Amino acid sequence: MKAVVMAGGFGTRIQPLTHSIPKPMLPIVNRPMMEHTMMMLKDLGITDFIVLLYYKPEIIKEYFKDGSDFGITINYITPNDDYGTAGAVKLAQELIGDENFIIISGDLVTDFNFQKLFDFHKKHKAKLSIGLTSVENPLQFGVVITNKDHKIEKFLEKPSWGEVFSDTINTGIYIIEPEILNFIPKNENYDFGKDLFPSLMKSDIELMGYNLKGYWRDVGNPESYREVHQDILYDRFHFTIPGQTQKYPDGILYSDTPYQLDKSIEIIGNVVLGKNVTIGNNVRLGNVTIGDDVKIGSGSNIRNSVLWNHITIGKNAKFDGCVICSDNVIGKNVTAKAGLILAQNCEVGELASFERDVTIWPDKKVEAASIVSHSLILGSRYKNAIFEGGSVSGKSNIELSCDMATKLAEAFASQLPIGSKVAVGRDNDKSSRMIKRAFLGGLLSAGINVIDMKGIASSILRYAIARDDSIIAGAHFRRDILDTTCSQITLFDEAALRIDSNSIKGVEKAFFTEKFRRVDYSKIGEIEESLHGKELQSYAVAVEEKIDHSIIKCGGFKVAVDVMHGSTAEVFPLLLNNLGVENIVLDAYYDNKKLSNIDNLLNRAKSNISSIVTSLNYDMGIIIYPNAQRLLLITDQGEVLDKVKGLLTVMYLLNLTTNEGERKKKVFLPTWSTDMIYFENLEIERGNYSNFKAEKLKEYDLVATMDGNFTFTEFGLSRDAMYASLKIMEMLSCHGIKLSEVSKKLDDFYYTSHKIECSQSLKGKMMRKFLEDAIGKKSSSIDGVKIWESKTDWILMIPDQYSDHLNIYIQAINEAKGEEIYEKYCKKIDLWSKQ
């Protein structure tokens, strides 16, 4: 028999524990939760596993690899979309083959005797057997009734209390015969409880249910995660704690290798220690599990708690009923009452105290002597900063809640005159709609009038702000394209540029001090709902006036475009048609599910557009990201240009457009952009333009990044993938050149970027060490430290503003030289960090 392990869930209900690791990998007494279940099945002779992944699959693969270290064989399936529970299993049909198999969840803890379920299935010659159990609260599960012959008569998935007809629930453990997979449609969202089981029952295929006896817990939230540890450590069910045992007067210590602890240390109940744990004198540990590389200061008292890895706790700490995730630093004399969840990478100052049931989300700093009585969700430190370069990002409906959005709007509005007009817009995501509506309430309460442009591309919103002198600010709400559980609010000034650092400081000060302007009821702002089509038409007309469409049209230009279900679908096809461009546009509709897996969506778009362009002899292909700012170019020969070639191609074309005797075109690029190729007609400046004013930006013809973002200032001052795409077509048509020809003219060289871990406290030291290392060499410190190793080869180090990393960029004449530079500086960084 084979086993199929369901390990793809997001673990939304158990956040923030699953902020950085998938739910099945949550440690239960220092082993991933799914490992315990898999080893139980291994003890019954099952050694062939198929693991279904989705959320953070690389973490599970890296830990289990091919399974050989665990005495098993593992094959992985990673669906490219959300196909539901049954739909995901369908993808494994070929691997399953022609024998029956067990399906089990990777996020449960149980002591069930699975052999009894196997025997039951065999005895009844069942096609599908479901493991059942009884629970006190069945609302989160499928409720089941069986007759005296164990045949399931009624099944209801996740009922309300008014629909509950039994306390017997579906555990999600199934034994299935392979022919049942033929009832599951391929590449469709199909669920066991909602779809497959009702369908089988209608087809008179008997579903058998066996009531398993013993302990079973779906670890669905932080409370249940704490409770399952208490059940294990208080011996409430049969669970084998791994490791060797050492007996103490009042308890037992479990560890992989024995510890020689000071006699002053008390071990009470069951205590589990990982590797390299350091415990000070007079520490009392009672029913706790502690991971690897943990230091606990003397005099501390920790009971009924779970500590993960890489944690430092100062002297005299008192924790009861807490979960402390990895990479936390906790000062001395810190106390926490029952229920604290401290997510990873936090810093807690000495004498801080936590009231009951407080949750601290990742990357927070709790100041010394703070009394924390409520959960800390937003911000990188306790009451510090919320903006990242003019935008606010966070987990939808958690960090970016309605309450947070309203407060942010009130803080923003308090910087603007009463009666001012602000334009707002969003993408098509439901989280964006919710957050935007909460934001509007905050603006209105401060006496701000709002033009609500509803669902609109940010580039069109910014164009509308820039051309209307009566609008003095704007806001756009969108789903994060890289982390689809997050949303982003971007605030703009009167020139439609992201608000600068001075404005950010004003907003943050008002936000944290909660000094908001609340106007008299007679001055409350009003909402003007835009006609929507008016803004789109105005934008389209302006684009058509700027682009020389006669050149494109006469050239019979043909293009294939994928708009990736973004808001550009409303206007870009219209623009192409009006400009006389023969086109095929894909994914010109909103699809929430496909947008939830941007990597798969992008890979599919690359493949589709490349195939269309080459098979139909089109001139080029374009992929426009959902945020309407970023684009990818595909040549007429189907080559997808990477970020380096994409930028160089646009610069090559711009270089051609400069006529003899004209001034050179001015280009502004970030410091980390490549400078390997010289363009005689371009005047290129590199630096940081985050606080540039409109007048400064207008000095340049092109402002670009290394990520497919292009601003042609002849049209506007904001990144605009639609206008940039048409401008590229215009330049290609004007010079009668193909993208493939440009690509071939660009010399190959090496360019890469890396992130190297570096704590906040070491970043200043790294800047100093790089500057010292640059002495006697060609170097620059405009943004970070850039050191030339030769005329062409350089390394740039910029400490990351928001995370514990150094951003490293390397350019070299070839890969060998680039790797040599990287290895050389990795060794230096490692040495400097230890000095």
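**Cores, a helix pair and two open sheets**

Let me begin with the largest nonpolar core, which has 78 residues, and in which Tyr 539, Met 620 and Met 729 touch the most other members. Helix α19, spanning residues 721-735, gives this core its largest share, namely nine residues. I should say at once that what we are looking at is a predicted model.

Met 729 deserves a moment, and I would ask you to find it in the structure: which residues is Met 729 in contact with, once its neighbours within four places in sequence are left aside? They are Ile 552, Phe 557, Val 559, Phe 572, Leu 576, Val 581, Met 620 and Ile 622, and Met 620 in that list is itself one of the three residues that touch the most other members of the core. Apart from this core lies another, of 37 residues, with Tyr 259, Ile 265, Val 271 and Val 294 among them.

Let me turn now to a pair of helices. Two packed helices are described by the angle between their axes and the distance between the axes. For helix α8, residues 402-413, and helix α9, residues 430-445, the axes come within 7 Å and cross at roughly 40 degrees. An angle from 35 up to 65 degrees counts as oblique, and α8 and α9 are therefore oblique to each other; their crossing is right-handed. As for the residues that meet, the α8 side includes Cys 402, Ala 405, Leu 408, Ala 409 and Phe 412, while the α9 side includes Met 434, Ile 435, Ala 438, Phe 439, Gly 442 and Leu 443.

That leaves the sheets, and I will take two of them. One is an open sheet of four strands in the order β45-β44-β46-β47, with mixed pairing. Its edge strands, each pairing on one side only, are β45 at 682-687 and β47 at 710-712, and from one strand to the next the twist averages 15 degrees. Within this sheet, strand β44, residues 665-670, runs parallel to β45 and is joined to it by six bridges; to give one example, Val 667 has Ile 684 in β45 as its bridge partner.

The other is an open sheet of five strands, ordered β48-β52-β51-β50-β49, and here the pairing is antiparallel. The edges are formed by β48, at 750-757, and by β49, at 779-780, each of which pairs on one side only. Two bridges join β49 to strand β50, residues 785-788, in an antiparallel arrangement, and the bridge partner of Ser 780 is Lys 786 in β50.

Technical notes. Residues numbered from 1 in each chain as written. Predicted model: local features only at pLDDT ≥ 70, side-chain atom pairs only at ≥ 80, totals over all residues. Heavy atoms only, no water. Core = buried A, V, L, I, M, F, W, Y, C linked by side-chain atoms within 4.5 Å. Buried < 20%, exposed > 50% of the residue type's maximum accessible area, 1.4 Å probe, protein only. Contact = heavy atoms within 4.5 Å. Pairing = 2+ DSSP bridges. Axes fitted to C-alpha atoms, helices over the stretch in contact; angles between N-to-C directions. Parallel < 35°, antiparallel > 145°, perpendicular 65-115°, else oblique. Left-handed = near helix turned anticlockwise from the far one by under 90°.
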